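Please open the structure in your viewer and keep the selection tool at hand. The stops that follow go from pockets to a ligand and then to a cavity.

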Amino acid sequence: MTTFAMFFSQVQKAMGATERIQEILDTPLEPIQAAPKAAIDGAVLRAEQIDFSYDPKRPILQNISFEAKPNTVIAFAGPSGGGKSTIFALLERFYEPTSGRLLIGEQPIADIDLQNWRAQIGYVSQDSAVFAGTIRENLQYGLGRTLSEEELWQGLALAYADQFVQEFPEKLETQIGERGVKLSGGQKQRIAIARAFLRDPKLLMLDEATASLDSQSEEKVQRALDHLMEGRTTLVIAHRLSTIVDADQIYFIEKGTITGQGTHAELISNHPLYAAYVNEQMIN
Ligand SMILES: Nc1ncnc2c1ncn2[C@@H]1O[C@H](COP(=O)(O)OP(=O)(O)OP(=O)(O)O)[C@@H](O)[C@H]1O
Ligand SMILES: [Mg+2]
């Protein structure tokens, strides 16, 4: 083909494309279906026979079913590597179950607008609670709107964190994390709890700290958490005895399956492995 012919054929193609674009523009638009928002209020969160694996050759979760009624606390406990955090990752929708369904009320959570879903769930991991930045940035993180001074201090107060933040000369502008002031474990946890209060999630997911704090700090963290859990549905990965004793329902998970379900008293009497696990592994 000559250069000219090539050019000409390209022009023709381009013209064809223009016509097609015109056709598309002339076609009335189908209304785009927006993904629905989650209706969490008053709805039961349910997992129905969930299977999941990160790698197809190695199943992780098998036949996991549970339910969390509104304003109750359900706890997951069990040996390390059993799949507890993986369940949280599925609920946060970082992964999709291989089979089975996660439902909020009658709505599959997979159908819900992702941003809307994530905005309504609060995740507090107490082991890695803060990131490098100011206290203000830590509190503001992921919120999508600017919090007023009053709101920020109120969140801190609810988490029993206002006093120690007041004592820093730079207050909310204090740098924390790697190069900033060194916060104690309990102070970090309370910043994370303040952040959760400010997000005001309907559904709270708590991955409890695996190490205990000094008793004074522990008491403040515990009180802040009790308060945070009020009026919300809470799923907690429990490492503390007091948490599972108070939970409405406990699911004991071993090697990716639920081997026991009930209250603490029920499981202590009918599940020897649970009883042994609690005696050996729980922080008192
Ligand atoms: N991102 C990942 N990719 C591949 N495998 C993973 C991933 N995360 C976890 N696993 C594997 O899945 C299994 C379950 O891990 P998971 O973190 O859910 O356990 P866990 O019950 O939370 O344990 P722990 O009590 O120690 O926190 C483990 O065998 C782990 O190695
Ligand atoms: Mg875990």
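Begin by selecting β6, the strand at residues 121–125, because in this predicted model β6 gives five residues, the largest share, to the lining of the largest pocket. With β6 still highlighted, add α3 (114–120) and α7 (185–199), which together with β6 are the elements that give two or more residues to that lining. To find the middle of the pocket, pick I121, Y123, Y141, G142 and R199, which lie nearest its centre among the 22 residues that line it. The space itself has a volume of about 640 Å³, and if you colour its lining by class you should find 13 nonpolar, five polar and four charged residues.

Where does the largest pocket lie with respect to domain 1 and domain 2? Colour domain 1 (35–120 + 205–212 + 233–284) in one shade and domain 2 (126–200) in another; both give residues to the lining of the largest pocket, so the pocket lies between them.

Move next to the second largest pocket, which has a volume of about 200 Å³, and select G78, P79, S80, K84 and H239, the residues nearest its centre out of the 15 that line it. The elements to display here are α2 (84–91) and α11 (272–281), each of which gives two or more residues to the lining. By class, the lining of the second largest pocket divides into four nonpolar, nine polar and two charged residues.

Now select ligand 1 and show the residues that surround it, namely Y54, R58, I60, S80, G81, G82, G83, K84, S85, T86 and Y95. S80 and K84, which you have just seen among the residues nearest the centre of the second largest pocket, appear again in this shell around the ligand. Sorted by class, the shell holds three nonpolar, six polar and two charged residues.

Which side-chain or backbone atoms lie at short listed distances from the oxygen atoms of ligand 1? Zoom in on R58, where an N or O atom of the side chain is 2.7 Å from an oxygen atom of the ligand, and then on S80, where a polar side-chain atom lies 2.6 Å from a ligand oxygen. At G81 the partner is instead a polar backbone atom, which is 2.8 Å from an oxygen atom of ligand 1. Taken on its own, ligand 1 has 640 Å² of accessible area, and the protein covers 61% of this.

For the last stop, look for enclosed space: the count comes to one cavity of 30 Å³ or more, and the largest cavity holds about 60 Å³. Select helix α8 (residues 215–229), which supplies four residues, the largest share of the lining. The full lining consists of Q126, Q189, E208, A209, A211, L213, E218, V221, Q222, L225 and R240, and by class these divide into five nonpolar, three polar and three charged residues.

Definitions and conventions. Residues are numbered from 1 along each chain as its sequence is written. Chains are lettered from A and ligands numbered from 1 in the order in which they are written. This is a predicted model: local features need pLDDT of at least 70, side-chain atom pairs count only at pLDDT 80 or more; totals for chains, interfaces and linings use all residues. Side-chain values use heavy atoms; hydrogens and water are left out. On a 1 Å grid over the protein atoms alone, a cavity is a set of points where a 1.4 Å probe fits but cannot get out, and a pocket is an open set with protein on both sides within 12 Å along at least five of seven lines; lining residues have an atom within 4 Å of a point. Grid points are joined across faces, edges and corners, and a volume is the space filled by probe spheres set on the points. Ala, Val, Leu, Ile, Met, Phe, Trp, Tyr, Cys and Pro count as nonpolar, Asp, Glu, Lys and Arg as charged, and the others, Gly among them, as polar. Domain bounds come from an automatic or database domain assignment. A residue is near a molecule or strand if one of its heavy atoms lies within 4 Å of it. A polar contact is a pair of N or O atoms within 3.5 Å; within protein, one must be able to donate a hydrogen and the other to accept it, and residues adjacent in sequence count only if both atoms are side-chain atoms. Accessible areas come from the Shrake-Rupley method with a 1.4 Å probe; for residues, only the protein chains shown count as cover.
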